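Colleague: Please choose one part of this model and look at it closely for a first-year student. I should like to learn how it packs and what lies around it.

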Protein chains: 2
Amino acid sequence: MPAQRPRQRPPRPRPRATYHHGDLRRALIDAAAAIIGEVGAEAFTLREASRRIGVNHRAAYRHFADKASLLAAVAEQGFRELIEAARREIAGTGAADPEARLLAAARAYVQFAARHPAHFRVMFGPRLNEGGNVAAVDALVAEAYRLLEAEVRAGMDRGSFAPDAGPHPMVAVWAAMHGLASLVLMKRVDVPEGRVGAWVDRIMGRVVRGLR
Amino acid sequence: MPAQRPRQRPPRPRPRATYHHGDLRRALIDAAAAIIGEVGAEAFTLREASRRIGVNHRAAYRHFADKASLLAAVAEQGFRELIEAARREIAGTGAADPEARLLAAARAYVQFAARHPAHFRVMFGPRLNEGGNVAAVDALVAEAYRLLEAEVRAGMDRGSFAPDAGPHPMVAVWAAMHGLASLVLMKRVDVPEGRVGAWVDRIMGRVVRGLR
DNA sequence: ACCTGAACACCGTTCAAGT
DNA sequence: ACCTGAACACCGTTCAAGT
């Protein structure tokens, strides 16, 4: 699969300022995220990331145990951005209505997937899920979960949603939101770039209605 | 990532019967599916598949253009099994009620993901989706789509679901089902092996109710 | 037709130094 | 502390044959 790179190698990887106190770590994460965005996670290479930054490919091992750990750090960063975007979108509604707030969170979630498909795939890829996970990622997933759950609970407390002590209503919302994000990212449903938000509102609106 | 395989190589890859008229093709697909099930798609290797069958690693190129094509064939096979399972489960209900039939299809979908997580991931992975797809896979996805869509339409015709000419109701169902399958496969919701069907009924029940 | 073997240009990771 | 360089055991894929 790894198509041979062009024969002509750049004359010299211009030596950058030396990295210290964690700069290299940051630089590696950023480079990895950029490469993944360009070629996908399967084609991502530790050596290419190092090359881009201008350090020896072994330098990464000072900051990450292995390739998987660097990818985990990229996923972590993605979860932080996703959570932040969801909070921002929720706050942007200025509404106290849990239905409106859930839709806002869903818009952020789906938009993130649509705009950063490869990043989203790393975040929900096999290495970081399916058990034997990375604690830092698990913590962020839990945080995102609670963000939504608070709205679902609020809806029940206000009497907008049918009361239910179990996780089913929350899982229904999360599943629909995650599935919609996946379908959009896979271009299995195709919705024009600017209309993602409107689609989310329509489709998630139906799901949220099922909680009443 | 590719952990060095154990130093000790099996004494001799026992020479099997020679493969002709497409036997090797089948054997490769089966071996690939088996390996993926054991170690995941990222760790899957063309050379290992050939090794297992007992042929030179170059033999695969007689039947597949490259590694991606073999994986596409594995995905195709998976879609065929998934569709068959859904039909079987739908028929098993013996019901004409579209809600019950949709839940049956969803059970098959989620069960498949829970039982064959790596296979499911290949089927919905970047190479076969996100545009520039494989025609054979697209055709099977379309077939699966129509399977569900027929039930959604039937529900509208009977007056169980609110009429809607657009794709939104169908997308809502598909998204929820796909998302639930993903969450279960990722063990992000954990439901005991034997209780997957019951969970699907509860959660998808809420979503389907949103179509009324 | 179908399979093999050697070679090439990559990888991730380990070991042993360099400053 | 932080980075480098050479080496190892893999890959996918191409070229050129073998039967």
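Modeller: The account below begins with one helix and then turns to the wider setting. The model is predicted, so local features need pLDDT of at least 70 and side-chain atom pairs count only at pLDDT 80 or more, while totals for chains, interfaces and linings use all residues. Residues are numbered from 1 along each chain as its sequence is written, chains are lettered from A and ligands numbered from 1 in the order in which they are written, and side-chain values use heavy atoms, with hydrogens and water left out.

The chosen part is helix 7 of chain A, residues 168–185. Helices here are DSSP runs (H or I, at least four residues), numbered from the N terminus. Two packed helices are described by the angle between their axes and the distance between the axes. Axes are lines fitted to C-alpha atoms over the stretch in contact, and angles run from 0 to 180 degrees between N-to-C directions.

One partner is helix 4 of chain A (residues 98–115), whose axis comes within 8 Å of that of helix 7 of chain A and crosses it at roughly 30 degrees. The two helices are therefore roughly parallel, a term for angles under 35 degrees. Their crossing is right-handed, meaning that the near helix is turned clockwise from the far one by less than a right angle. Contact (heavy atoms within 4.5 Å) involves, among others, A:Leu102, A:Ala106 and A:Tyr109 of helix 4 of chain A and A:Trp174, A:Met177 and A:His178 of helix 7 of chain A. By class, this contact has 14 nonpolar residues, one polar and no charged residues. Ala, Val, Leu, Ile, Met, Phe, Trp, Tyr, Cys and Pro count as nonpolar, Asp, Glu, Lys and Arg as charged, and the others, Gly among them, as polar.

Helix 7 of chain A also packs against helix 8 of chain B (residues 196–209), at an angle of about 70 degrees and with the axes 9 Å apart. That makes this pair roughly perpendicular, the word used for 65 to 115 degrees. The crossing is again right-handed. A:His168, A:Pro169, A:Val171 and A:Ala172 of helix 7 of chain A meet B:Trp199, B:Arg202, B:Ile203 and B:Arg206 of helix 8 of chain B. These residues divide into five nonpolar, one polar and two charged.

As to the setting, chain A is divided into domain 1 (15–64) and domain 2 (75–209), with bounds from an automatic or database domain assignment. The C-alpha centres of the two domains lie 30 Å apart. Five residues of domain 1 of chain A touch four residues of domain 2 of chain A. Between them the domains bury about 320 Å², 76% of it on carbon and sulfur atoms; buried area is the accessible area (1.4 Å probe) that two parts lose on being put together, summed over both.

Conventions: Angles under 35 degrees count as roughly parallel, over 145 as roughly antiparallel, 65 to 115 as roughly perpendicular and the rest as oblique.
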